[in-house]
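Subject: Structure for your review

Dear colleague,

Please find the structure below, handed over for your examination. My findings follow it.

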Amino acid sequence: MRDTSSHDSFSFRGPSCRIELDSFEGPLDLLLYLIRRDEIDIYDIPVAHVADQYCRYIRRARELDIDVASEYLVMAATLTRMKSRALLPRRRDGEDEPDPGAELRRQLILYRTFREIAEELQRSEETWSDIYSSPGERERWSVDSTQVEPGQASLLDLLKALASLSEEEATVLPQRIQRTLLTISECIDALERKIPPGSPVSFGTVLGPEATATRIVSYFVTVLELVRRGWILFQQPYPFSEIQLQRTERWSVDP
Amino acid sequence: MILDRLAREVEALIFASDEPLSISQLCEYTGSGEDSIHQALDRINRAFRDQHHALGIIEVAGGFRIATESEFGDVVSQLFEGKKPGKLSRAALETLAVVAYSQPCTRMSVESIRGVNCDSAIRTLLEREMIRISGRMETPGRPLLYSTTSAFLEYFGLSNLDHLPRYEEIEELLSLSSSEMEERDLFERPEDN
């Protein structure tokens with residue numbers, strides 16, 4: 001059975017009033033508490049009375065600056081609507097209008113049932129937490145041991161794995177990055193062989209089949225240098241098309 | 001009491017297995033019938049009791065396993081200090097109760113019964129492997145469906161889902177609409193003390 005002693009100390013009057021909205025598992029729980037406190041038959045709920053009590057509770061909580069979850073406010077609105085319906089005279093032709101209390105009763109009965117089941121589960125948990133048997137269960141307690149069969153991994157497993165990765169201290173192994181140095185003068189020597197006098201050669205041909213990023217950049221910078229010196233002609237018919245390079249007479253003339 | 005060959009085989013199998021061994025597995029490995037296995041299990045447990053052992057064979061999550069007696073919980077728990085997760089919160093237990101009886105079910109249907117947001121409770125239960133994502137509902141938004149796991153059965157000492165408390169009553173309760181509930185005087189009006 002749940003502990004109601006803390007709820008019983010609750011009073012709406014006086015500064016000693018303790019509102020423990022946090023100790024309720026939502027509006028249905030609060031309603032069940034009020035119903036029980038006022039000894040109301042769940043099958044015959046006086047809507048106006050319960051709505052008043054409930055709204056008072058919520059208002060009081062808000063006065064005390066307690067952050068009231070929206071679910072509680074929705075229930076307050078529902079109860080108020082039910083109360084106003086109950087006060088209005090019933091229409092003669094409104095036979096098929098559903099009893100506003102019926103749905104609430106259903107909700108309360110369902111919720112109360114599951115609350116009882118939760119209490120039973122809690123008792124089983126109490127009993128079974130003292131019984132030690134399963135190696136499988138114990139393995140679950142340690143984070144790393146979860147073995148996942150192919151096709152059995154869930155999104156949660158992936159997220160867990162990701163979370164554990166970011167938790168792990170990032171140990172960066174010392175790495176030495178090899179820098180291949182290509183000087184412009186080396187490149188000029190290379191290009192001299194690749195751009196023979198005579199007909200134009202494409203930049204792609206100059207680079208060769210397996211050009212590294214370093215070589216592409218170095219050769220390109222070298223080509224620009226050669227153009228500046230006036231040793232080659234540089235032609236590109238339209239953007240992104242193949243670049244044509246042609247040696248001029250000045251190449252051999254200049255030192 | 002001296003145990004016969006079959007009982008000792010059963011005991012050895014259950015002791016060595018990582019997972020609970022089902023009755024059909026025990027039959028297969030020992031080449032015996034169900035009745036003889038049940039009788040063998042009884043004999044083993046009687047032997048444990050007669051000699052005041054701290055162990056016994058229990059039926060859980062659809063199988064049998066060797067377990068310590070609950071009165072040694074305190075002493076054994078020292079082995080797992082800091083590793084064993086804490087007890088489930090009331091929100092988690094209520095959410096788990098709803099999932100257990102209406103599985104596979106969506107977060108929405110749990111919330112409609114509990115009347116509160118169940119996001120964090122569901123997350124806790126997924127982390128504790130009490131529930132798992134078992135699919136998606138083919139409705140707009142394709143919401144995730146949740147079901148309980150065998151870890152859930154083991155945690156609460158249930159041999160299968162039918163052994164949940166008041167299983168049939170609640171199955172029926174869940175299937176009723178509010179008007180049907182009113183019409184059928186299903187429930188005796190219990191004293192709400």
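The notes below cover a sheet, a pair of helices and the nonpolar cores.

Please bear in mind that this is a predicted model.

Chain A contains an open sheet of three strands in the order β1-β3-β2, and the pairing is antiparallel. Its edge strands are β1 (201-202) and β2 (232-235) of chain A, each of which pairs on one side only. β1(A) is joined by two bridges to strand β3 (residues 244-247) of chain A; A:V201 has A:L245 as its bridge partner in β3(A). Across β2 and β3 of chain A lies helix α10 (residues 213-229) of chain A, which runs at about 115° to β2(A).

Helix α10(A) also packs with helix α8 (residues 184-194) of chain A, at an angle of about 80° and with the axes 9 Å apart. Angles of 65 to 115 degrees count as roughly perpendicular, so α8(A) is roughly perpendicular to α10(A). Among the residues that meet here are A:I188 and A:L191 in α8(A), and A:Y219 and A:L226 in α10(A). By class, this contact comprises nine nonpolar, two polar and four charged residues.

As to the interior, the largest nonpolar core has 64 residues, and those with the most contacts inside it are A:L30, A:Y54, A:L108, B:L88, B:F152 and B:F156. Helix α5 (residues 100-128) of chain A supplies the largest share of this core, nine residues. The residues touched by A:L108 include A:L28, A:I35 and A:I45. A second, separate core has 18 residues, including B:A7, B:C27, B:A40 and B:I57.

Yours sincerely

Note on methods: Residues numbered from 1 in each chain as written. Chains lettered and ligands numbered in written order. Predicted model: local features only at pLDDT ≥ 70, side-chain atom pairs only at ≥ 80, totals over all residues. Heavy atoms only, no water. Pairing = 2+ DSSP bridges. Helix = DSSP H or I, 4+ residues; strand = E, 2+ residues; numbered from the N terminus. Contact = heavy atoms within 4.5 Å. Axes fitted to C-alpha atoms, helices over the stretch in contact; angles between N-to-C directions. Core = buried A, V, L, I, M, F, W, Y, C linked by side-chain atoms within 4.5 Å. Buried < 20%, exposed > 50% of the residue type's maximum accessible area, 1.4 Å probe, protein only. Parallel < 35°, antiparallel > 145°, perpendicular 65-115°, else oblique. Nonpolar A, V, L, I, M, F, W, Y, C, P; charged D, E, K, R; others polar. Lists of a residue's contacts leave out its neighbours within four places in sequence.
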